[in-house]
Amino acid sequence: MAEIDGATLVARCLKQQGIDELFGVVGIPVTGIAAAAAGEGVRYIGMRHEQAAGYAAQTMSYLKGRIGACVVVSGPGMTNAITAFGNAWSNCWPMLLIGGSSNQALNHRGDFQDAPQVELARPFAKWVGQCERTEFIPRYIATAVRTAISGRPGPVYLDLPGDIINNSVDEDKVDFVPRVEPPPTPQVADHLIKQALAAFKSARNPLAIIGKGAAWSRAEEQVRRFIDETQMPFLPSPMGKGVVPDDHPLSVSAGRSYALQNADLVFLIGARLNWIMHFGLPPRFNKDVRVVQLDIAAEEIGTNVATEVPLVGDAKAIMTQMVAALEEDPWQIAADSPWRKALKEEIDAKKAATVSLLESTEVPMNYYRPLKEIQDALPRDALIVTEGASTMDISRQVLENYEPRKRVDAGSWGTMGIGPGSAIAAQVANPDKRVIALEGDAAFGFDGLEVEVAVRHKLPITWIVFNNNGIGGGPATLPEGQPLPPGAFIPNARYDKVIEAFGGKGYHCDTPEELRAALKDSFDSGETTLINVAINPDSRRRPQQFAWSQRPG
Ligand SMILES: Cc1ncc(C[n+]2csc(CCOP(=O)(O)OP(=O)(O)O)c2C)c(N)n1
Ligand SMILES: [Mg+2]
């Protein structure tokens, strides 16, 4: 009888479940899994920190529409992955975290890197399991995958003791199971679609809010048709950008605050009324706002604001129903309606107010001008990974997404450090597309050495660091003999040298012209490059505040 070891079995099952790449950091007891991967058709990508492996795995899930995986060692390796695990929980993304753990025979004996790993994962996990026998590995992986991708997605943790990984078993004794099918995509009863349409018709100022749930369920075609048919103004959430292209005439992104304050009805399409949407509460929302809510999770219905029409199910399936109902009973918001006219005026005024910032020739540069250089240089199907405070928030206004799932950012958890792992996954998933990782200098610091992984795997990511000397900016010189400002870093640091240490190409830019030339050179080179952009530390976003500093209480 043929024997198979646990490590090979893990790699084979990952492949069977549609996982073509495995991210991780090797060591005892998981090195064998990484080593077996290539033989089973899984590309192993060794990262420099477990959190980056975790961000890469979940970004893979989101971009490919199934599940990405990462493997980490016991103890500190596993705890290092927990922040990424929490980020997947907060964003409702699938992710399979595989943690090696101590040999079962050494439980409670003070083993190397022993830790309560199952308990650590549990609060964030949709499912946790510790595999007790090598023969059970296929069933455990299938259960993990099925749970992670079904309903509202989320992260799952599979704990594999060293002896389970290292044991060899008779292949005939292995508990093989079939590949997990794509999850069901529930629709709603027709009367709810009718109720929703009636609610839209009865509203004076309806607004669609498109979230990344719509992007996850691949609802773009149906959402786009709904917007076109009804002419309903829409606001994308940060990662809902691109489900309907940002240059669609009904996008109200530029007039976001006005649109939210004045909408009398919001149609949530895979978007949550959490802090990013100011909880749906005054002063940022109308106190009497009505809610039509499409969400995959029944328990999300009614969060913060009562829901008038609940549409619980898959965004693509329900929007298909909605578009069909509109075909039978067409209805449209007139272009000369007071709501659309008022929004247009507001948007025109807001856009006009930004022109001088976008065209500024000041040096050191503000945020807007270099972002405009990037916007002008990017192809329409570029993937934009971005994090930082002003760097990320202003980029949301200036950098447009024209296709769904083309923006990954700090997300629902506001997590700094997501960028490098996510950019690596984005380029691996889209080898022929332009990928940029736009990083605040502080954000870059969390995981900056991951650029080595990009160089090593020949991933032509363009890293762009917006360098304003710190967290929200720092002084041009550090004060002597006084306490240092808490967010200040070494001024004028040359992050471009970081990539040069690994043989990548670095650029330093002080002016818009230098940045334009660097972007062109970077894009033409087909290499991994890093552009360090000096940003005026006193430059801030337009006077309009961050959602995270706008929370009540
Ligand atoms: C893991 C984590 N640690 C700390 C923070 C707090 N935080 C919010 S934004 C930020 C960095 C902002 O600075 P930078 O990336 O340089 O962007 P800037 O606003 O300067 O453009 C930090 C540390 C966080 N959000 N996540
Ligand atoms: Mg900064």
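**Exercise 1. Identify which residues come nearest to ligand 1, and describe its polar contacts.**

Of the 18 residues around ligand 1, those that come nearest are Tyr367, Ser390, Thr391, Gly414 and Asp441, where a residue is near if one of its heavy atoms lies within 4 Å of the molecule. The structure is a predicted model, in which local features need pLDDT of at least 70 and side-chain atom pairs count only at pLDDT 80 or more, while totals for chains, interfaces and linings use all residues. Residues are numbered from 1 along each chain as its sequence is written, chains are lettered from A and ligands numbered from 1 in the order in which they are written, and side-chain values use heavy atoms, with hydrogens and water left out.

Turning to the contacts (pairs of N or O atoms within 3.5 Å), a polar backbone atom of serine 390 is 2.8 Å from an oxygen atom of ligand 1. A nitrogen atom of ligand 1 lies 3.2 Å from a backbone N or O atom of methionine 416, and an N or O atom in the side chain of aspartate 441 is 2.6 Å from an oxygen atom of ligand 1.

**Exercise 2. Determine which protein atoms hold the magnesium ion (ligand 2), and how they are spaced along the chain.**

The protein donors (N, O and S atoms within 2.8 Å of the metal, or 3.2 Å for Na, K and Ca; water is not among the atoms, so sites may look incomplete) are Asp441 (OD), Asn468 (OD1) and Gly470 (O), lying 2.1 Å from the magnesium ion. Along the chain, these donors follow the spacing D-x26-N-x1-G. Aspartate 441 and asparagine 468 are both buried, that is, under 20% relative accessible area with a 1.4 Å probe and protein chains only.

Conventions. Polar contact = N/O pair within 3.5 Å; in protein donor to acceptor, adjacent residues only side chain to side chain. Buried < 20%, exposed > 50% of the residue type's maximum accessible area, 1.4 Å probe, protein only.
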